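Visitor: I would like to go through the assignments in this model and hear the grounds for each.

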Amino acid sequence: MKNLIDIKDLSVEEIDELIAKAKDIMSHPENYWDKCKHKKLATLFFEPSTRTRLSFESAMMELGGNVIGFSSGSSSSTSKGESVSDTIRVVGCYSDIIAMRHPKEGAPLVASLKSTVPIINAGDGGHNHPTQTLTDLLTISCEKNRLDNLTIGLCGDLKFGRTIHSLITAMSRYKNVKFVLISLKELGIPEYIKEEVLEKNNIEYIETDDIEEYMDKLDILYMTRVQKERFFNEEEYLRLKDHYILTKNKLEKAKKDLCIMHPLPRVNEISTEVDDDPRACYFKQAMYGKYIRMALILKLLEIK
Ligand code: CP
């Protein structure tokens, strides 16, 4: 049985297969309507979510399957003190596959050690969010027609943004990918990502706190929200939260085929005036999330 806990659980070949499958589902959805008939997905969300939970649920429904689950720990027996391991053992009796989001880093890994059904990490603390990364890779593949030879700007909360950590890890495996890391030093990329991913693999990267400095070089600009829920100090969050706001003016020097991404939810990081720019891809990105999750469910359930 396979789980998806970290994007590194998938080889480049497996990622490419998932992307090809998602594209086939987009082109021929009718071929997939019954693939998961009589199968059940459990969505166990101990932290809030809109896109990840609902796109998983929509994905399973479009494959002909059913969905059970909860959208907060407080509405489950976790509130009575049940452990994650016990919850997982029990939910495995009622479902064929589980997508789980938890505030504690490593909780989905612990769950996978006890589970009788495949576990998908739908976000664990500030650590990883592999299905967002698959969504991002499908978006880049569809919008840029390639996953190599790209200069990617990552802007905002690079410290707590789990989508950033998984995306750098995944993109570092493709040829000639460079990163421009745009953040205030308080929210800079963790040292372990620099050392264990970027430097270990000789990936070119630049750090700056100026969003416009390298704008003309970027093929992709990936904006992120400052992760309020990871701060211990409200004042610090308020001081940092609105530092980067992408506006039309800031895009003046950007390439005509720049792809602007954001995992969403957006707070203030992208002005709504950018939404009508043809380079704004973030709502399409959310749509791609459903298709890549359909492909992933089929893979983990070993359905051809
Ligand atoms: N991108 C993302 O994970 O969104 P949600 O928190 O709404 O699931």
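Visitor: Which residues form a nonpolar patch on the surface?

Guide: The model is a predicted one. In it, the patch is made of Ile68, Val90 and Tyr94, which together have about 250 Å² of accessible area. Of these, Tyr94 sits in the loop between helix 3 (84–91) and strand 3.

Visitor: What makes strand 4 (residues 119–124) largely enclosed by the rest of the structure?

Guide: Buried means under 20% relative accessible area. In strand 4, 6 of the 6 residues are buried, so the strand is largely enclosed by the rest of the structure.

Visitor: How do you know that strand 3 (residues 97–102) pairs with strand 4?

Guide: Pairing needs at least two bridges. Strand 3 and strand 4 are joined by 4 bridges, so they pair, and they run parallel. Histidine 102 is opposite aspartate 124 of strand 4. Between the two strands the chain passes through helix 4 (residues 107–114), a β-α-β crossover that is right-handed.

Visitor: Why does cysteine 259 form no disulfide with cysteine 281?

Guide: A disulfide requires cysteine sulfur atoms within 2.5 Å. Cysteine 281 holds the closest cysteine sulfur to that of cysteine 259, at 3.4 Å, so the pair is too far for a bond. Cysteine 259 is also buried, with 1% relative accessibility.

Visitor: And what about cysteine 155: buried or exposed?

Guide: Cysteine 155 has a relative accessible area of 0%, so it is buried. Its sulfur is 15 Å from the closest cysteine sulfur, that of cysteine 259, which is too far for a bond. The count of disulfides by this rule is 0.

Notes:
Residues are numbered from 1 along each chain as its sequence is written. This is a predicted model: local features need pLDDT of at least 70, side-chain atom pairs count only at pLDDT 80 or more; totals for chains, interfaces and linings use all residues. Side-chain values use heavy atoms; hydrogens and water are left out. Buried means under 20% relative accessible area, exposed over 50%, partly exposed in between (1.4 Å probe, protein chains only). A crossover is right-handed if, with the strands pointing away from the viewer, the path from the first strand over the helix to the second runs clockwise. Patches are made of residues with over 30% relative accessible area and no salt bridge: like charges are joined within 9 Å, nonpolar side chains (Val, Leu, Ile, Met, Phe, Trp, Tyr) within 5 Å. Accessible areas come from the Shrake-Rupley method with a 1.4 Å probe; for residues, only the protein chains shown count as cover. A salt bridge is a side-chain nitrogen of Lys or Arg within 4 Å of a carboxyl oxygen of Asp or Glu.
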